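Visitor: Could you walk me through this structure, starting with its core and then turning to its charged pairs?

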Amino acid sequence: MERLTLSKVKNIFGSRMVVVLATALFCGLAMFVYLAGEIRGLLAWHVLPALVFGIPKAMIAHGMPILYETPGHVGWDGQFYYYIANDLRLTADTISHLDSPTYRYQRIGLALAANFVALLTLQSWVTPFIYWGTNVLLVAAGAFALASIIKRLTLPVPLALLWSLGAGVQVTVLNGLPDAAGDAFFLIALACLMNERRLAYVLAATMAVLTREAFVVAAGGLFLLEFGRLWNDKNATTRFWAKRLLTMAMPGVALILWQLSIYARFGRLPSQEPGVAGGLINLPFAGWWQTVVGTFYGNHIFFGANAPWTERWLEPLHGILLILSSVACVILLRSRDLSSIQSKIGAALLPFALLSTTLGPVVTGHWSGYLKATTILLVPLLAVVAKFDARYRAVSIACLSGYMLLQQAAFWDRVIPDGPSSSNQFGSIEAISGKPAKDFPKTLACLGDYRSKIELKGIENFDRRPLFRTLLGRPQRYRLDVDVTNVTDKPWQYAQGAGAVALVGRWVQPGTNLEVGQSRRAIIGNDLQPGETRRLSLIVDIPPYANSSDFIITLIQDGCAWFSDARPADSLRLQLH
(Lines give C-alpha, C1' and ligand atoms only; values in the text may rest on other atoms or scores of the structure.)
Protein backbone atom coordinates (compact mmCIF):
# COMPACT_ATOMS: atom_id res chain seq x y z
CA MET A 1 0.00 0.00 0.00
CA GLU A 2 1.31 3.41 -0.97
CA ARG A 3 2.52 5.48 1.95
CA LEU A 4 0.24 8.44 2.82
CA THR A 5 2.54 11.43 3.31
CA LEU A 6 1.63 14.79 4.81
CA SER A 7 1.98 16.49 1.44
CA LYS A 8 -0.45 14.03 -0.14
CA VAL A 9 -2.96 14.62 2.66
CA LYS A 10 -2.69 18.38 2.04
CA ASN A 11 -3.28 17.83 -1.68
CA ILE A 12 -6.38 15.75 -0.97
CA PHE A 13 -7.94 18.18 1.48
CA GLY A 14 -6.88 21.17 -0.54
CA SER A 15 -8.68 20.01 -3.65
CA ARG A 16 -11.70 21.78 -5.02
CA MET A 17 -13.72 18.57 -5.22
CA VAL A 18 -13.42 18.10 -1.47
CA VAL A 19 -14.95 21.56 -1.06
CA VAL A 20 -17.78 20.54 -3.39
CA LEU A 21 -18.36 17.28 -1.54
CA ALA A 22 -18.29 18.97 1.88
CA THR A 23 -20.81 21.54 0.68
CA ALA A 24 -23.21 18.94 -0.70
CA LEU A 25 -22.93 16.74 2.39
CA PHE A 26 -23.59 19.69 4.68
CA CYS A 27 -26.70 20.61 2.69
CA GLY A 28 -27.90 17.00 2.97
CA LEU A 29 -27.24 16.84 6.71
CA ALA A 30 -29.08 20.09 7.37
CA MET A 31 -32.09 18.90 5.37
CA PHE A 32 -32.11 15.54 7.17
CA VAL A 33 -32.33 17.25 10.57
CA TYR A 34 -34.95 19.67 9.23
CA LEU A 35 -37.05 16.75 7.97
CA ALA A 36 -36.95 15.23 11.46
CA GLY A 37 -38.22 18.47 13.00
CA GLU A 38 -39.89 21.50 11.48
CA ILE A 39 -41.02 20.06 8.13
CA ARG A 40 -42.17 16.72 9.53
CA GLY A 41 -40.67 14.32 7.02
CA LEU A 42 -42.05 15.94 3.85
CA LEU A 43 -39.52 17.57 1.52
CA ALA A 44 -42.26 19.58 -0.20
CA TRP A 45 -42.62 21.51 3.04
CA HIS A 46 -39.06 22.86 2.96
CA VAL A 47 -40.41 25.94 1.14
CA LEU A 48 -42.76 26.55 4.13
CA PRO A 49 -46.16 26.87 2.37
CA ALA A 50 -48.80 28.69 4.41
CA LEU A 51 -52.60 28.87 4.47
CA VAL A 52 -52.46 32.66 4.21
CA PHE A 53 -51.34 32.47 0.57
CA GLY A 54 -52.70 29.05 -0.30
CA ILE A 55 -51.35 26.68 -2.93
CA PRO A 56 -51.90 26.87 -6.72
CA LYS A 57 -54.25 24.28 -8.18
CA ALA A 58 -51.47 22.69 -10.21
CA MET A 59 -49.44 22.09 -7.05
CA ILE A 60 -52.46 20.70 -5.23
CA ALA A 61 -52.89 18.27 -8.12
CA HIS A 62 -49.34 17.08 -7.44
CA GLY A 63 -50.29 16.41 -3.84
CA MET A 64 -48.67 19.41 -2.15
CA PRO A 65 -50.28 20.18 1.23
CA ILE A 66 -50.09 23.24 3.50
CA LEU A 67 -47.58 23.23 6.35
CA TYR A 68 -48.81 26.22 8.32
CA GLU A 69 -52.58 25.90 8.64
CA THR A 70 -53.23 28.89 10.89
CA PRO A 71 -54.00 32.41 9.59
CA GLY A 72 -51.29 34.11 11.61
CA HIS A 73 -48.35 32.24 10.08
CA VAL A 74 -47.21 33.38 6.63
CA GLY A 75 -44.43 30.85 5.98
CA TRP A 76 -41.50 32.22 3.96
CA ASP A 77 -40.65 33.36 0.45
CA GLY A 78 -39.45 30.00 -0.87
CA GLN A 79 -43.06 28.95 -1.41
CA PHE A 80 -43.51 31.68 -4.03
CA TYR A 81 -40.37 30.82 -5.99
CA TYR A 82 -41.29 27.14 -5.97
CA TYR A 83 -44.75 27.90 -7.37
CA ILE A 84 -43.13 29.99 -10.13
CA ALA A 85 -40.76 27.10 -10.92
CA ASN A 86 -43.82 25.03 -11.75
CA ASP A 87 -45.50 27.80 -13.74
CA LEU A 88 -42.91 29.74 -15.71
CA ARG A 89 -45.63 31.53 -17.68
CA LEU A 90 -47.16 32.71 -14.40
CA THR A 91 -50.85 32.04 -14.88
CA ALA A 92 -53.60 33.87 -13.02
CA ASP A 93 -54.02 31.08 -10.46
CA THR A 94 -50.35 31.16 -9.49
CA ILE A 95 -50.38 34.96 -9.34
CA SER A 96 -53.20 34.81 -6.78
CA HIS A 97 -50.92 32.84 -4.45
CA LEU A 98 -47.93 35.23 -4.56
CA ASP A 99 -47.42 38.18 -2.22
CA SER A 100 -45.61 40.46 -4.71
CA PRO A 101 -45.96 38.83 -8.13
CA THR A 102 -43.68 41.02 -10.23
CA TYR A 103 -40.98 41.18 -7.56
CA ARG A 104 -40.94 37.37 -7.27
CA TYR A 105 -41.23 36.82 -11.02
CA GLN A 106 -38.18 38.95 -11.83
CA ARG A 107 -36.07 36.37 -9.92
CA ILE A 108 -36.73 33.57 -12.35
CA GLY A 109 -33.17 32.21 -12.65
CA LEU A 110 -33.47 29.42 -10.07
CA ALA A 111 -36.82 28.40 -11.55
CA LEU A 112 -35.25 28.18 -15.03
CA ALA A 113 -32.38 26.07 -13.71
CA ALA A 114 -34.78 23.74 -11.87
CA ASN A 115 -36.84 23.29 -15.02
CA PHE A 116 -33.68 22.44 -16.94
CA VAL A 117 -32.82 19.77 -14.37
CA ALA A 118 -36.38 18.45 -14.53
CA LEU A 119 -36.03 18.19 -18.31
CA LEU A 120 -32.75 16.31 -18.01
CA THR A 121 -34.28 13.87 -15.52
CA LEU A 122 -37.39 13.34 -17.68
CA GLN A 123 -39.77 14.81 -15.11
CA SER A 124 -42.99 16.50 -16.18
CA TRP A 125 -42.81 18.98 -13.30
CA VAL A 126 -40.32 20.40 -10.82
CA THR A 127 -40.59 18.00 -7.91
CA PRO A 128 -39.56 19.13 -4.43
CA PHE A 129 -36.41 17.02 -4.69
CA ILE A 130 -35.47 18.53 -8.05
CA TYR A 131 -36.06 22.05 -6.73
CA TRP A 132 -33.99 21.51 -3.60
CA GLY A 133 -31.40 19.44 -5.49
CA THR A 134 -30.95 22.18 -8.09
CA ASN A 135 -30.20 24.65 -5.32
CA VAL A 136 -27.67 22.23 -3.81
CA LEU A 137 -26.01 21.63 -7.18
CA LEU A 138 -25.72 25.35 -7.84
CA VAL A 139 -24.21 26.08 -4.42
CA ALA A 140 -21.78 23.19 -4.89
CA ALA A 141 -20.84 24.58 -8.32
CA GLY A 142 -20.44 28.03 -6.79
CA ALA A 143 -18.17 26.54 -4.13
CA PHE A 144 -16.05 24.96 -6.88
CA ALA A 145 -15.85 28.30 -8.70
CA LEU A 146 -14.88 30.15 -5.52
CA ALA A 147 -12.30 27.48 -4.72
CA SER A 148 -10.80 28.08 -8.18
CA ILE A 149 -10.61 31.81 -7.49
CA ILE A 150 -9.08 31.24 -4.06
CA LYS A 151 -6.53 28.89 -5.56
CA ARG A 152 -5.53 31.62 -8.01
CA LEU A 153 -5.15 33.95 -5.01
CA THR A 154 -2.74 31.39 -3.45
CA LEU A 155 -4.98 30.92 -0.41
CA PRO A 156 -6.03 27.54 1.07
CA VAL A 157 -8.82 26.18 -1.11
CA PRO A 158 -11.06 25.11 1.86
CA LEU A 159 -11.63 28.79 2.58
CA ALA A 160 -14.36 28.56 -0.07
CA LEU A 161 -16.41 26.88 2.67
CA LEU A 162 -16.65 30.24 4.44
CA TRP A 163 -19.18 31.13 1.76
CA SER A 164 -20.83 27.79 0.97
CA LEU A 165 -21.37 26.81 4.62
CA GLY A 166 -22.33 30.30 5.73
CA ALA A 167 -25.71 30.59 7.44
CA GLY A 168 -27.03 32.97 4.78
CA VAL A 169 -26.25 30.53 1.98
CA GLN A 170 -27.45 27.44 3.81
CA VAL A 171 -30.75 28.91 4.97
CA THR A 172 -31.71 29.79 1.40
CA VAL A 173 -30.97 26.25 0.25
CA LEU A 174 -32.87 24.86 3.22
CA ASN A 175 -35.98 26.93 2.49
CA GLY A 176 -35.95 27.19 -1.30
CA LEU A 177 -34.96 30.85 -1.78
CA PRO A 178 -32.90 32.00 -4.80
CA ASP A 179 -30.24 34.15 -3.09
CA ALA A 180 -27.55 31.47 -2.77
CA ALA A 181 -28.19 30.39 -6.37
CA GLY A 182 -27.62 34.00 -7.46
CA ASP A 183 -24.35 34.07 -5.54
CA ALA A 184 -23.33 30.79 -7.13
CA PHE A 185 -24.07 31.95 -10.67
CA PHE A 186 -22.02 35.09 -10.13
CA LEU A 187 -19.08 33.23 -8.60
CA ILE A 188 -19.15 30.94 -11.65
CA ALA A 189 -19.21 34.05 -13.84
CA LEU A 190 -16.16 35.49 -12.04
CA ALA A 191 -14.27 32.22 -12.40
CA CYS A 192 -15.09 32.12 -16.12
CA LEU A 193 -13.93 35.71 -16.58
CA MET A 194 -10.75 34.91 -14.64
CA ASN A 195 -10.01 32.26 -17.26
CA GLU A 196 -11.04 34.54 -20.16
CA ARG A 197 -14.07 32.38 -21.02
CA ARG A 198 -16.26 35.31 -21.88
CA LEU A 199 -19.24 33.56 -23.43
CA ALA A 200 -19.49 31.36 -20.37
CA TYR A 201 -19.26 34.53 -18.28
CA VAL A 202 -22.18 36.06 -20.18
CA LEU A 203 -24.35 33.00 -19.59
CA ALA A 204 -23.50 32.70 -15.88
CA ALA A 205 -23.75 36.43 -15.18
CA THR A 206 -27.06 36.62 -17.02
CA MET A 207 -28.41 33.80 -14.87
CA ALA A 208 -27.10 35.65 -11.81
CA VAL A 209 -28.98 38.86 -12.60
CA LEU A 210 -32.12 36.88 -13.46
CA THR A 211 -31.84 35.08 -10.12
CA ARG A 212 -31.15 38.16 -8.04
CA GLU A 213 -31.42 41.51 -9.78
CA ALA A 214 -28.88 43.20 -7.46
CA PHE A 215 -26.07 41.46 -9.34
CA VAL A 216 -26.64 43.82 -12.25
CA VAL A 217 -24.54 46.41 -10.39
CA ALA A 218 -21.74 43.85 -10.08
CA ALA A 219 -21.96 43.15 -13.80
CA GLY A 220 -21.97 46.92 -14.34
CA GLY A 221 -18.77 47.24 -12.33
CA LEU A 222 -17.08 44.65 -14.52
CA PHE A 223 -18.31 46.49 -17.61
CA LEU A 224 -16.64 49.70 -16.35
CA LEU A 225 -13.46 47.79 -15.54
CA GLU A 226 -13.37 46.44 -19.09
CA PHE A 227 -13.92 49.95 -20.43
CA GLY A 228 -10.95 51.20 -18.38
CA ARG A 229 -8.80 48.34 -19.60
CA LEU A 230 -9.65 49.05 -23.22
CA TRP A 231 -8.99 52.76 -22.69
CA ASN A 232 -5.47 51.94 -21.57
CA ASP A 233 -4.92 49.58 -24.49
CA LYS A 234 -3.66 51.85 -27.26
CA ASN A 235 -3.68 48.95 -29.75
CA ALA A 236 -7.36 48.08 -29.32
CA THR A 237 -9.34 48.52 -32.52
CA THR A 238 -12.88 49.89 -32.68
CA ARG A 239 -14.16 46.45 -33.58
CA PHE A 240 -12.37 44.94 -30.59
CA TRP A 241 -13.85 47.66 -28.35
CA ALA A 242 -17.36 46.95 -29.62
CA LYS A 243 -17.00 43.19 -29.26
CA ARG A 244 -15.65 43.33 -25.71
CA LEU A 245 -18.06 45.96 -24.42
CA LEU A 246 -21.08 44.31 -26.04
CA THR A 247 -20.11 41.03 -24.42
CA MET A 248 -19.77 42.60 -20.98
CA ALA A 249 -23.04 44.50 -21.38
CA MET A 250 -25.13 41.43 -22.18
CA PRO A 251 -26.16 40.56 -18.58
CA GLY A 252 -27.43 44.10 -18.03
CA VAL A 253 -29.23 44.11 -21.37
CA ALA A 254 -30.89 40.79 -20.51
CA LEU A 255 -32.15 42.17 -17.19
CA ILE A 256 -33.48 45.34 -18.80
CA LEU A 257 -35.37 43.34 -21.41
CA TRP A 258 -36.78 41.04 -18.72
CA GLN A 259 -37.89 43.99 -16.59
CA LEU A 260 -39.53 45.64 -19.60
CA SER A 261 -41.39 42.44 -20.44
CA ILE A 262 -42.70 42.31 -16.87
CA TYR A 263 -43.79 45.94 -17.12
CA ALA A 264 -45.52 45.31 -20.44
CA ARG A 265 -47.50 42.44 -18.94
CA PHE A 266 -48.32 43.76 -15.47
CA GLY A 267 -48.21 47.53 -15.96
CA ARG A 268 -45.63 48.05 -13.20
CA LEU A 269 -42.00 47.31 -12.51
CA PRO A 270 -40.98 44.93 -9.70
CA SER A 271 -39.56 47.89 -7.77
CA GLN A 272 -43.03 49.44 -7.78
CA GLU A 273 -44.56 46.62 -5.75
CA PRO A 274 -45.99 47.91 -2.44
CA GLY A 275 -43.43 47.72 0.37
CA VAL A 276 -40.41 47.04 -1.85
CA ALA A 277 -38.97 50.55 -2.00
CA GLY A 278 -39.20 51.36 1.72
CA GLY A 279 -38.93 47.92 3.24
CA LEU A 280 -36.13 46.47 1.14
CA ILE A 281 -34.23 49.58 0.03
CA ASN A 282 -33.38 52.61 2.17
CA LEU A 283 -30.69 55.22 2.72
CA PRO A 284 -27.17 53.81 3.25
CA PHE A 285 -26.93 52.06 6.63
CA ALA A 286 -30.35 53.42 7.69
CA GLY A 287 -31.99 49.99 7.85
CA TRP A 288 -28.99 48.47 9.59
CA TRP A 289 -28.83 51.26 12.16
CA GLN A 290 -32.57 51.01 12.86
CA THR A 291 -32.37 47.30 13.64
CA VAL A 292 -29.13 47.54 15.63
CA VAL A 293 -30.56 50.30 17.81
CA GLY A 294 -33.81 48.35 18.16
CA THR A 295 -31.90 45.26 19.24
CA PHE A 296 -30.10 46.97 22.10
CA TYR A 297 -32.83 49.42 23.14
CA GLY A 298 -35.75 46.98 23.18
CA ASN A 299 -37.79 48.11 20.17
CA HIS A 300 -36.64 45.70 17.48
CA ILE A 301 -38.80 45.73 14.34
CA PHE A 302 -39.63 42.01 14.70
CA PHE A 303 -38.84 41.04 18.29
CA GLY A 304 -39.55 44.18 20.32
CA ALA A 305 -37.75 43.88 23.64
CA ASN A 306 -36.95 40.19 23.10
CA ALA A 307 -34.29 40.23 20.40
CA PRO A 308 -32.51 36.85 20.30
CA TRP A 309 -28.81 36.41 20.96
CA THR A 310 -28.16 35.93 17.26
CA GLU A 311 -29.08 39.54 16.51
CA ARG A 312 -26.99 40.95 19.35
CA TRP A 313 -23.92 39.39 17.73
CA LEU A 314 -24.61 39.15 14.02
CA GLU A 315 -26.28 42.51 13.37
CA PRO A 316 -23.25 44.60 14.53
CA LEU A 317 -20.92 42.25 12.64
CA HIS A 318 -23.03 42.69 9.54
CA GLY A 319 -22.34 46.43 9.59
CA ILE A 320 -18.63 45.75 10.03
CA LEU A 321 -18.75 43.35 7.06
CA LEU A 322 -20.32 46.05 4.85
CA ILE A 323 -17.62 48.57 5.77
CA LEU A 324 -14.66 46.20 5.52
CA SER A 325 -15.80 44.68 2.23
CA SER A 326 -16.20 48.15 0.69
CA VAL A 327 -12.72 49.13 1.85
CA ALA A 328 -11.33 45.82 0.60
CA CYS A 329 -12.80 46.42 -2.85
CA VAL A 330 -11.18 49.87 -3.01
CA ILE A 331 -7.83 48.30 -2.07
CA LEU A 332 -8.24 45.67 -4.78
CA LEU A 333 -9.03 48.33 -7.38
CA ARG A 334 -5.75 50.09 -6.67
CA SER A 335 -4.01 47.30 -8.57
CA ARG A 336 -2.38 48.58 -11.73
CA ASP A 337 -3.21 45.37 -13.54
CA LEU A 338 -6.86 45.82 -14.51
CA SER A 339 -6.95 42.30 -15.90
CA SER A 340 -6.08 40.67 -12.56
CA ILE A 341 -8.61 38.65 -10.62
CA GLN A 342 -8.19 41.11 -7.72
CA SER A 343 -9.32 43.99 -9.89
CA LYS A 344 -12.28 41.99 -11.18
CA ILE A 345 -13.38 41.13 -7.64
CA GLY A 346 -13.06 44.75 -6.56
CA ALA A 347 -14.87 46.16 -9.58
CA ALA A 348 -17.75 43.70 -9.28
CA LEU A 349 -18.32 43.74 -5.54
CA LEU A 350 -17.68 47.39 -4.67
CA PRO A 351 -20.99 48.56 -6.19
CA PHE A 352 -22.63 45.43 -4.75
CA ALA A 353 -21.32 46.27 -1.27
CA LEU A 354 -22.46 49.88 -1.56
CA LEU A 355 -25.90 48.74 -2.69
CA SER A 356 -26.05 46.34 0.26
CA THR A 357 -25.69 49.27 2.68
CA THR A 358 -29.14 50.42 1.53
CA LEU A 359 -30.97 47.26 2.61
CA GLY A 360 -34.12 48.18 4.52
CA PRO A 361 -35.26 46.98 7.95
CA VAL A 362 -37.32 44.11 6.51
CA VAL A 363 -34.01 42.56 5.40
CA THR A 364 -31.73 43.76 8.18
CA GLY A 365 -34.16 42.73 10.92
CA HIS A 366 -32.98 39.12 11.09
CA TRP A 367 -29.81 37.25 10.14
CA SER A 368 -31.72 35.08 7.66
CA GLY A 369 -32.35 38.28 5.68
CA TYR A 370 -29.07 40.16 5.72
CA LEU A 371 -26.71 37.18 5.67
CA LYS A 372 -28.33 35.63 2.61
CA ALA A 373 -28.01 39.00 0.89
CA THR A 374 -24.37 39.71 1.74
CA THR A 375 -22.38 36.52 2.40
CA ILE A 376 -20.70 36.89 -0.98
CA LEU A 377 -18.97 40.01 0.40
CA LEU A 378 -16.50 37.69 2.13
CA VAL A 379 -14.85 37.26 -1.28
CA PRO A 380 -13.13 40.68 -1.44
CA LEU A 381 -11.99 40.22 2.16
CA LEU A 382 -10.33 36.96 1.16
CA ALA A 383 -8.72 38.63 -1.84
CA VAL A 384 -7.17 41.29 0.42
CA VAL A 385 -6.08 38.67 2.97
CA ALA A 386 -4.09 37.04 0.16
CA LYS A 387 -1.91 40.16 0.10
CA PHE A 388 -0.93 39.85 3.79
CA ASP A 389 2.19 38.22 5.16
CA ALA A 390 1.90 34.87 6.91
CA ARG A 391 1.21 36.25 10.41
CA TYR A 392 -1.57 38.70 9.46
CA ARG A 393 -2.97 36.21 7.00
CA ALA A 394 -3.35 33.60 9.76
CA VAL A 395 -5.01 36.09 12.11
CA SER A 396 -7.40 37.26 9.39
CA ILE A 397 -8.38 33.73 8.42
CA ALA A 398 -8.98 32.92 12.10
CA CYS A 399 -11.29 35.95 12.42
CA LEU A 400 -13.25 35.03 9.28
CA SER A 401 -13.50 31.42 10.46
CA GLY A 402 -14.80 32.61 13.83
CA TYR A 403 -17.43 34.70 12.03
CA MET A 404 -18.52 31.63 10.08
CA LEU A 405 -18.70 29.51 13.25
CA LEU A 406 -20.92 32.13 14.86
CA GLN A 407 -23.18 31.91 11.82
CA GLN A 408 -23.20 28.14 12.20
CA ALA A 409 -24.48 28.50 15.76
CA ALA A 410 -27.31 30.70 14.50
CA PHE A 411 -28.10 28.33 11.63
CA TRP A 412 -28.30 25.20 13.76
CA ASP A 413 -30.29 27.12 16.35
CA ARG A 414 -32.88 27.38 13.60
CA VAL A 415 -32.62 23.83 12.27
CA ILE A 416 -32.21 21.60 15.34
CA PRO A 417 -35.24 22.62 17.48
CA ASP A 418 -38.06 20.10 17.18
CA GLY A 419 -40.54 21.88 14.95
CA PRO A 420 -40.89 25.15 16.88
CA SER A 421 -43.24 26.82 14.40
CA SER A 422 -44.90 23.78 12.86
CA SER A 423 -45.66 21.98 16.13
CA ASN A 424 -46.62 25.10 18.06
CA GLN A 425 -48.82 26.73 15.43
CA PHE A 426 -51.99 25.57 17.21
CA GLY A 427 -50.72 26.82 20.57
CA SER A 428 -49.88 30.39 19.58
CA ILE A 429 -52.57 33.06 19.79
CA GLU A 430 -50.79 35.08 17.10
CA ALA A 431 -50.83 32.09 14.74
CA ILE A 432 -54.40 31.03 15.54
CA SER A 433 -56.05 34.44 15.39
CA GLY A 434 -53.66 36.49 13.29
CA LYS A 435 -53.74 39.12 16.06
CA PRO A 436 -51.09 40.00 18.67
CA ALA A 437 -51.59 38.84 22.26
CA LYS A 438 -51.91 42.46 23.42
CA ASP A 439 -55.28 42.66 21.65
CA PHE A 440 -56.72 40.20 24.17
CA PRO A 441 -57.61 40.78 27.83
CA LYS A 442 -54.78 40.52 30.36
CA THR A 443 -56.83 38.41 32.79
CA LEU A 444 -60.36 37.01 33.05
CA ALA A 445 -62.59 35.95 35.92
CA CYS A 446 -62.97 32.25 36.68
CA LEU A 447 -65.92 30.65 34.90
CA GLY A 448 -67.24 28.61 37.79
CA ASP A 449 -69.13 26.36 35.39
CA TYR A 450 -66.75 23.81 33.82
CA ARG A 451 -69.10 21.70 31.76
CA SER A 452 -67.85 20.78 28.29
CA LYS A 453 -68.35 18.36 25.45
CA ILE A 454 -65.22 16.86 23.89
CA GLU A 455 -65.22 14.52 20.88
CA LEU A 456 -62.10 12.95 19.38
CA LYS A 457 -62.50 13.09 15.60
CA GLY A 458 -59.19 11.70 14.47
CA ILE A 459 -55.67 10.61 15.39
CA GLU A 460 -52.80 10.63 12.92
CA ASN A 461 -49.03 10.77 12.97
CA PHE A 462 -48.06 14.43 12.91
CA ASP A 463 -45.07 13.61 10.69
CA ARG A 464 -45.77 12.59 7.11
CA ARG A 465 -42.66 10.38 7.17
CA PRO A 466 -41.63 9.56 10.76
CA LEU A 467 -38.52 7.70 9.58
CA PHE A 468 -36.34 10.78 9.96
CA ARG A 469 -37.40 11.24 13.58
CA THR A 470 -36.77 7.59 14.28
CA LEU A 471 -33.26 7.72 12.82
CA LEU A 472 -32.52 10.83 14.86
CA GLY A 473 -33.81 9.19 18.04
CA ARG A 474 -36.68 11.61 18.52
CA PRO A 475 -40.07 10.54 19.96
CA GLN A 476 -43.08 10.11 17.72
CA ARG A 477 -45.73 12.81 17.77
CA TYR A 478 -49.41 12.64 16.96
CA ARG A 479 -52.08 15.06 15.91
CA LEU A 480 -55.43 14.69 17.64
CA ASP A 481 -58.32 16.55 16.04
CA VAL A 482 -60.84 17.32 18.77
CA ASP A 483 -64.29 18.93 18.56
CA VAL A 484 -64.85 21.10 21.63
CA THR A 485 -68.32 22.40 22.48
CA ASN A 486 -69.10 25.12 25.00
CA VAL A 487 -72.21 23.81 26.79
CA THR A 488 -72.23 26.58 29.39
CA ASP A 489 -73.95 29.97 29.24
CA LYS A 490 -70.69 31.95 29.28
CA PRO A 491 -68.19 32.47 26.45
CA TRP A 492 -64.78 30.83 26.66
CA GLN A 493 -62.03 33.31 25.93
CA TYR A 494 -58.31 33.69 25.53
CA ALA A 495 -56.39 35.94 27.93
CA GLN A 496 -52.74 36.89 28.25
CA GLY A 497 -52.69 35.53 31.80
CA ALA A 498 -55.13 33.94 34.25
CA GLY A 499 -58.55 33.07 32.92
CA ALA A 500 -57.52 31.82 29.47
CA VAL A 501 -59.22 28.62 28.27
CA ALA A 502 -57.22 26.06 26.25
CA LEU A 503 -57.35 22.39 25.25
CA VAL A 504 -54.52 20.29 26.65
CA GLY A 505 -53.56 16.67 27.17
CA ARG A 506 -52.59 15.41 30.65
CA TRP A 507 -50.44 12.37 31.24
CA VAL A 508 -51.62 10.83 34.50
CA GLN A 509 -51.04 7.67 36.49
CA PRO A 510 -53.50 4.93 35.40
CA GLY A 511 -56.96 5.27 36.91
CA THR A 512 -56.11 8.55 38.69
CA ASN A 513 -55.71 12.27 38.01
CA LEU A 514 -52.18 12.32 39.43
CA GLU A 515 -50.37 14.21 36.69
CA VAL A 516 -46.95 13.20 35.38
CA GLY A 517 -46.81 15.46 32.29
CA GLN A 518 -48.69 17.62 29.80
CA SER A 519 -48.89 17.91 26.03
CA ARG A 520 -48.61 21.08 24.00
CA ARG A 521 -51.69 23.28 24.22
CA ALA A 522 -54.30 24.08 21.60
CA ILE A 523 -55.46 27.69 21.94
CA ILE A 524 -59.19 28.30 21.39
CA GLY A 525 -58.41 31.58 19.65
CA ASN A 526 -61.31 34.00 19.43
CA ASP A 527 -64.23 33.69 21.84
CA LEU A 528 -66.04 30.33 21.84
CA GLN A 529 -69.66 31.27 22.41
CA PRO A 530 -72.24 29.20 24.34
CA GLY A 531 -73.43 26.30 22.19
CA GLU A 532 -70.61 26.79 19.67
CA THR A 533 -68.39 23.90 18.53
CA ARG A 534 -64.84 24.38 17.30
CA ARG A 535 -62.31 21.87 16.04
CA LEU A 536 -58.93 22.15 17.72
CA SER A 537 -55.74 20.29 16.90
CA LEU A 538 -53.70 18.91 19.77
CA ILE A 539 -50.07 18.03 19.04
CA VAL A 540 -48.77 15.34 21.36
CA ASP A 541 -45.13 14.30 21.69
CA ILE A 542 -44.99 10.76 23.08
CA PRO A 543 -42.95 10.81 26.33
CA PRO A 544 -40.91 7.89 27.73
CA TYR A 545 -43.60 7.20 30.34
CA ALA A 546 -46.47 6.92 27.82
CA ASN A 547 -46.76 3.11 28.15
CA SER A 548 -47.35 3.38 31.89
CA SER A 549 -49.71 6.38 31.81
CA ASP A 550 -53.22 7.34 30.80
CA PHE A 551 -53.75 10.31 28.51
CA ILE A 552 -56.62 12.66 29.37
CA ILE A 553 -57.93 15.15 26.82
CA THR A 554 -59.47 18.05 28.67
CA LEU A 555 -59.67 21.83 28.98
CA ILE A 556 -58.04 24.16 31.45
CA GLN A 557 -58.81 27.67 32.59
CA ASP A 558 -55.47 29.02 33.68
CA GLY A 559 -55.31 30.05 37.29
CA CYS A 560 -58.78 28.64 37.94
CA ALA A 561 -59.42 24.94 37.30
CA TRP A 562 -58.93 21.85 35.20
CA PHE A 563 -62.21 20.91 33.53
CA SER A 564 -61.32 17.23 34.09
CA ASP A 565 -61.02 17.78 37.84
CA ALA A 566 -64.35 19.62 38.05
CA ARG A 567 -66.22 17.20 35.79
CA PRO A 568 -64.19 14.01 35.10
CA ALA A 569 -66.94 12.49 32.95
CA ASP A 570 -66.63 15.28 30.35
CA SER A 571 -62.99 14.49 29.56
CA LEU A 572 -61.59 11.71 27.37
CA ARG A 573 -59.22 9.13 28.82
CA LEU A 574 -57.23 6.89 26.46
CA GLN A 575 -53.95 5.08 25.90
CA LEU A 576 -51.58 6.80 23.51
CA HIS A 577 -48.14 5.44 22.66
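What follows is a short exchange of questions and answers.

Guide: This is a predicted model, in which local features need pLDDT of at least 70, side-chain atom pairs count only at pLDDT 80 or more, and totals for chains, interfaces and linings use all residues. Residues are numbered from 1 along each chain as its sequence is written, and side-chain values use heavy atoms, with hydrogens and water left out.

Visitor: How many residues does the largest nonpolar core have?
Guide: A nonpolar core is a set of buried Ala, Val, Leu, Ile, Met, Phe, Trp, Tyr and Cys residues joined through side-chain atoms within 4.5 Å, where buried means under 20% relative accessible area, exposed over 50% and partly exposed in between, with a 1.4 Å probe and protein chains only. Tyr-201, Leu-222, Ile-345 and Phe-411 have the most contacts inside the largest core, whose residues number 137.

Visitor: Which residue forms a salt bridge with Asp-565?
Guide: A salt bridge places a side-chain nitrogen of Lys or Arg within 4 Å of a carboxyl oxygen of Asp or Glu. For Asp-565, the closest N and O atoms of the pair are 3.3 Å apart, and the partner is Arg-506.

Visitor: Why does this pair tie together separate parts of the chain?
Guide: Asp-565 lies in helix α26 (residues 563–566), whereas Arg-506 lies in strand β3 (residues 501–508), helices (H or I, at least four residues) and strands (E, at least two) being DSSP runs numbered from the N terminus. Asp-565 is partly exposed at 43% relative accessibility, while Arg-506 is buried at 4%. The pair therefore ties together parts whose separation in sequence is 59 residues.
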